[in-house]
Amino acid sequence: MATLVRNGAARRNGSEGSRPRYDSRVYDEAVLGFKNYWYPVFSSKSVGRKPVGATIMGEGIVFMRTPKGVARALSNECAHRGTLLSIGEGCLIKGSDTITCPYHGWTYDLHSGVCVAVLPEGPKSEVPGKIRIRSYPVEERKGIVWIWMGKGDPAPIEEDIPNLMQRDDAIVKFRPRVQYGNWRWHSENTAGGHAQMIHKSSFRVWFTRPRPMNLPSQPHVTHDVDGVGVDNGFIPRGQALPGEPKPPTPSMYTEYPGLGTWSPQPKWRQILLWPWLRRFRKSLGSEVHGVSKMMMMLPGVFRVPNFPSASNIYYEWYVPVDEDHYLYAQVACLWGSNPIQRLWKNVWYYAWGKPTGLIQFNNQDLTFTRQTTNYTKRHGITSYPHTKLSRNDDFHRTWRQFASEFARGEGYAYEDGYRAEDSPLVGMVPNIPWLEDAPAETEDKKEPTEQKQPEPVPAGGSE
Ligand code: FES
Ligand SMILES: [Fe+2]
């Protein structure tokens, strides 16, 4: 992952085209996601000589390998009468780079999508060369098959995979599964103070003492060694925003005036597990290869350092399938400096990290993504920018704005009239390339009126 807008495409062309200060329409309308990105779909070992089908952004796609082992993707609809190519046997002309429709034998070149034969009509058929179905660019990285969903030339795939995941020494575990829900509602699940509520019953939280978080959270745009995105702005216990008094460390038992006390954990569990807690919490907030913060990146990738175990980095993609489904593509990156350590990391991942983290803990999030999806459907809306929000929702607002500005080829930053100084994100982006790349200031440049945001503080806490 690298820059947001390449080659100074963020333009300052005078005053025309300026927009309201907070405008998340691009995101609100992105029911099927942002097209101009590479998305992870299958593990490499799931794609072979037999065709496999998937739906991404409402488009049916068939994946298959050529005899030389190169993964390819075509539209899954035969141009003749729409039969799914994925229900066929794949290649019927041995050794050729083709896929054949199981109904009437129309046969397509796996690279170009051009119909190259109609088997029952023999070599004299008039169809070959005249019909073409869509072919999609495909790449393989880190044992994952990626697809480019945009119409034009694809961006370099390296721009769409977090830098740390691309490291040669990263051991990558990939766990994709289709879930009910719109992709955006899972991307917005990632902050908002849900951890103390929905995860308190997860087995891994038995080893911690969840408590109410410090307010206010301070989300901001961050550019680090891994990529560019929105940091959810949790303030670690015991730390304060610059210029603000240090808040008291919340007690395990929180007093709510006039109501009583609340604690997410029963007392016996907290006392029993206190020694474990101290060891575990040391890892949270500590750096893994230079990153320590949770961050949401485009096109909808959430990063969590030290999850599912210390010194791992976890990513999850929300790949839109259709309006009501998404591919929940979980990635855990592990590192070990020698074979013994790498073996140990693998054992620990399968014995603890995967079952308690990627399965039990993350499944709790899925329940609530379903709830939000049902809410939007009950009310017949495809976005919910006008529901009631609290300070914990600042992350969602920042993410919606960030995506609306920088979604590749679709965001405001790609419009001719875009004025970087009008962005509500100004002041939150100390080192983002699009500001550095902007052309020299013009006469009608206005001074930014956005209040300068405090310097970022290290984020802490965990889901
Ligand atoms: S539907 Fe595919 S060949 Fe007829
Ligand atoms: Fe969660």
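**Helix α8, its sheet and the core of a predicted model**

In helix α8, the buried residues are Asp 394, Phe 395, His 396, Thr 398, Trp 399, Arg 400, Gln 401, Phe 402, Ala 403, Ser 404, Glu 405 and Phe 406. I should say at once that what we are looking at is a predicted model, and I would like to begin with this helix and then work outwards from it. Twelve of the 13 residues of α8 are buried, so the helix is largely enclosed by the rest of the structure. What, then, covers the buried residues of α8? The cover includes α1, residues 25-28, and α3, residues 183-187, together with the strands β12, β13 and β16. As for its length, the 13 residues should span 18 Å at 1.5 Å a residue, and this agrees with the end C-alpha atoms, which are 18 Å apart.

Let me turn to the sheet. It is an open sheet of seven strands, and if you follow it across, the order is β11-β19-β18-β17-β16-β13-β12, with antiparallel pairing. At its edges are β11, residues 171-180, and β12, residues 220-224, each of which pairs on one side only. From one strand to the next the twist averages 25°. Helix α8, which covers residues 394-406, packs on this sheet, where it touches β12, β13 (227-231) and β16 (295-297), and the direction of the helix makes about 145° with that of β13. At the other end of the strand order, β11 and β19 run antiparallel and are joined by ten bridges, and Lys 173 stands opposite Ala 332 in β19.

That strand leads us to the nonpolar core. The largest nonpolar core has 85 residues, and the members that touch the most others are Tyr 39, Val 41, Ile 56, Phe 63, Val 145, Ile 147 and Val 319. Strand β19, residues 325-334, gives the most to this core, with eight residues. The core draws at least three residues from each of two domains, domain 1 (1-37 + 158-463) and domain 2 (46-148).

If we look at one of those members, Phe 63, and leave out residues up to four places away in sequence, we find that it touches Phe 42, Val 47, Pro 51, Val 52, Ala 54, Ala 71, Ala 73 and Val 145. One of these residues, Val 52, also stands opposite Phe 63 in β3. The strands concerned are β2, residues 52-56, and β3, residues 59-65, which run antiparallel and are joined by five bridges. They form a hairpin with two residues between them, and in the turn Met 57 has a positive phi of about 55°.

I would also like to point out a residue elsewhere, Asp 365, which has its place in helix α7, residues 339-378. Is Asp 365 buried or exposed? With 21 other C-beta atoms within 10 Å, Asp 365 is buried. Apart from its neighbours within four places in sequence, Asp 365 is in contact with His 186 and Asn 189. Asp 365 and Ala 195 are 170 residues apart in sequence, yet from C-alpha to C-alpha they are 9.1 Å apart in space.

To close, here is the protein as a whole. It has nine helices and 19 strands, and of its 463 residues, 39% count as buried. Among contacts with a separation of 6 or more, residues 24 or more positions apart account for 65%.

Terms used:
Residues numbered from 1 in each chain as written. Chains lettered and ligands numbered in written order. Predicted model: local features only at pLDDT ≥ 70, side-chain atom pairs only at ≥ 80, totals over all residues. Core = buried A, V, L, I, M, F, W, Y, C linked by C-beta atoms within 7 Å. Buried ≥ 20, exposed ≤ 12 C-beta atoms within 10 Å, placed from the backbone. Helix = DSSP H or I, 4+ residues; strand = E, 2+ residues; numbered from the N terminus. Domains from an automatic or database assignment. Contact = placed C-beta atoms within 7 Å. Pairing = 2+ DSSP bridges. Axes fitted to C-alpha atoms, helices over the stretch in contact; angles between N-to-C directions. Expected span 1.5 Å × (residues − 1).
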